[in-house]
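Trainee: Before I rely on the labels attached to a model, I would like to understand how each one is earned. Could we go through them together?

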Amino acid sequence: MGFSFSLRLDCGASYNYNTAQQFLKNLDGLSIEFAADPVMTASELVRLSETTNVPLAAGKILASVKDAESLISGSNVKYLIINPTLTGAFTDTIKLISFAAPAGKKIIIKSGFENILGKDGLVMLAGYTGHTSAHSIGIISYFDENLFPD
């Protein structure tokens, strides 16, 4: 029995528009869940989303909740990677989740350096999204022992 998977590519906002466009063209037809931040600005990402079949995500390039709302309502960007402890309050993230779902967009919850209480909140927010895409929450500290010893 075989298995299948798709890749998430974190481009690190490192390409100019033309290079990103060529890079994504080379990925067309591959099993890519999304390419995150292939360009440096939200306006370039919107423009790029109109020319590629590879699903795009915005993460590092989001400077505010307002940026996220603009991408949800006015672009073909399919994923927004949100770190609630950096972008504001959990309530802002809940509003974004509610706004994104009817628009066919997915919010991916990302953790940073939260304590256990903060990570509990992020797990709750991830569940609230209602989709089955993986989130980016470092939860290894939840386990008392190493699950994969050397």
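Mentor: What follows takes the labels one by one and sets each value against its cut-off.

Trainee: What makes some parts of the protein chain higher in confidence than others, and where is confidence lowest and highest?

Mentor: This is a predicted model, and the protein chain averages a pLDDT of 85, with 85% of the residues scoring at least 70. Confidence is lowest in helix α4, residues 84-87, at a mean of 74, and highest in strand β3, residues 56-58, at 97. Where pLDDT is low, the predicted coordinates should not be read in detail.

Trainee: How is the secondary structure of the protein chain made up?

Mentor: The protein chain has six helices and five strands, and along the sequence they follow the pattern β-α-β-α-β-α-β-α-α-β-α. Among contacts between residues at least 6 apart in sequence, 58% join residues at least 24 apart.

Trainee: Why is A13 called buried or exposed, and where does A13 lie?

Mentor: A13 sits in the loop between β1 (7-10) and α1. Buried means under 20% relative accessible area, and A13 has 18% relative accessibility, so A13 counts as buried. A13 also has a positive phi of about 50°, although A13 is not a glycine.

Trainee: What is the corresponding reasoning for D37, buried or exposed?

Mentor: D37 lies in the loop between β2 (32-36) and α2, and with a relative accessible area of 2%, set against the cut-off of under 20%, D37 is therefore buried. D37, which is not a glycine, has a positive phi of about 50°.

Trainee: Why is G74 called partly exposed?

Mentor: Partly exposed covers the values between the cut-offs of 20% and 50%, and because G74 has 48% relative accessibility, G74 counts as partly exposed. G74 belongs to helix α3, residues 65-74, and although G74 and A103 are 29 residues apart in sequence, their C-alpha atoms are 9.8 Å apart in space.

Trainee: How do you know which label A89 should carry?

Mentor: A89 has a relative accessible area of 33%, which falls between 20% and 50%, so A89 is partly exposed. A89 lies in the loop between α4 and α5 (90-100), and the C-alpha atoms of A89 and V65, 24 residues apart along the chain, are separated by 9.9 Å.

Trainee: Which label does S49 carry, and what does S49 touch?

Mentor: S49, in helix α2, has 8% relative accessibility, and because the cut-off for buried is under 20%, S49 counts as buried. Leaving aside neighbours within four places in sequence, S49 is in contact with L56, S75, N76 and V77, where contact means heavy atoms within 4.5 Å.

Trainee: How do you know that α1 and α2 meet, and which residues are involved?

Mentor: The axes of helix α1 (residues 17-27) and helix α2 (residues 42-49) come within 11 Å and cross at roughly 35°, and α1 passes α2 in a right-handed crossing. Y17, A20, Q21 and L24 in α1 meet E44, R47 and L48 in α2. The residues of this contact divide into four nonpolar, one polar and two charged.

Trainee: Which residues touch the most other members of the largest nonpolar core?

Mentor: That core has 33 residues, of which L80, I107 and I109 touch the most other members. Apart from neighbours within four places in sequence, the contacts of L80 include A58, L62, L71, I72 and I107. A second, separate core of six residues includes F34, A57, I81 and I108. In soluble globular proteins, nonpolar side chains tend to be buried together.

Trainee: What makes I81 eligible for a core of that kind?

Mentor: A nonpolar core is drawn from buried residues of certain types, Ile among them, and I81, at 16% relative accessibility against the cut-off of under 20%, counts as buried and so meets that condition. I81 is found in strand β4, residues 79-82, and, not counting residues up to four places away in sequence, I81 touches F34, A36, A57, A58, G59, L62, I108 and K110. I81 and K110 are 29 residues apart in sequence and 6.5 Å apart in space, C-alpha to C-alpha.

Trainee: How much of the protein chain counts as buried?

Mentor: Of the 150 residues of the protein chain, 39% count as buried.

Conventions. Residues numbered from 1 in each chain as written. Predicted model: local features only at pLDDT ≥ 70, side-chain atom pairs only at ≥ 80, totals over all residues. Heavy atoms only, no water. pLDDT = per-residue confidence, 0-100. Helix = DSSP H or I, 4+ residues; strand = E, 2+ residues; numbered from the N terminus. Axes fitted to C-alpha atoms, helices over the stretch in contact; angles between N-to-C directions. Left-handed = near helix turned anticlockwise from the far one by under 90°. Nonpolar A, V, L, I, M, F, W, Y, C, P; charged D, E, K, R; others polar. Core = buried A, V, L, I, M, F, W, Y, C linked by side-chain atoms within 4.5 Å. Buried < 20%, exposed > 50% of the residue type's maximum accessible area, 1.4 Å probe, protein only.
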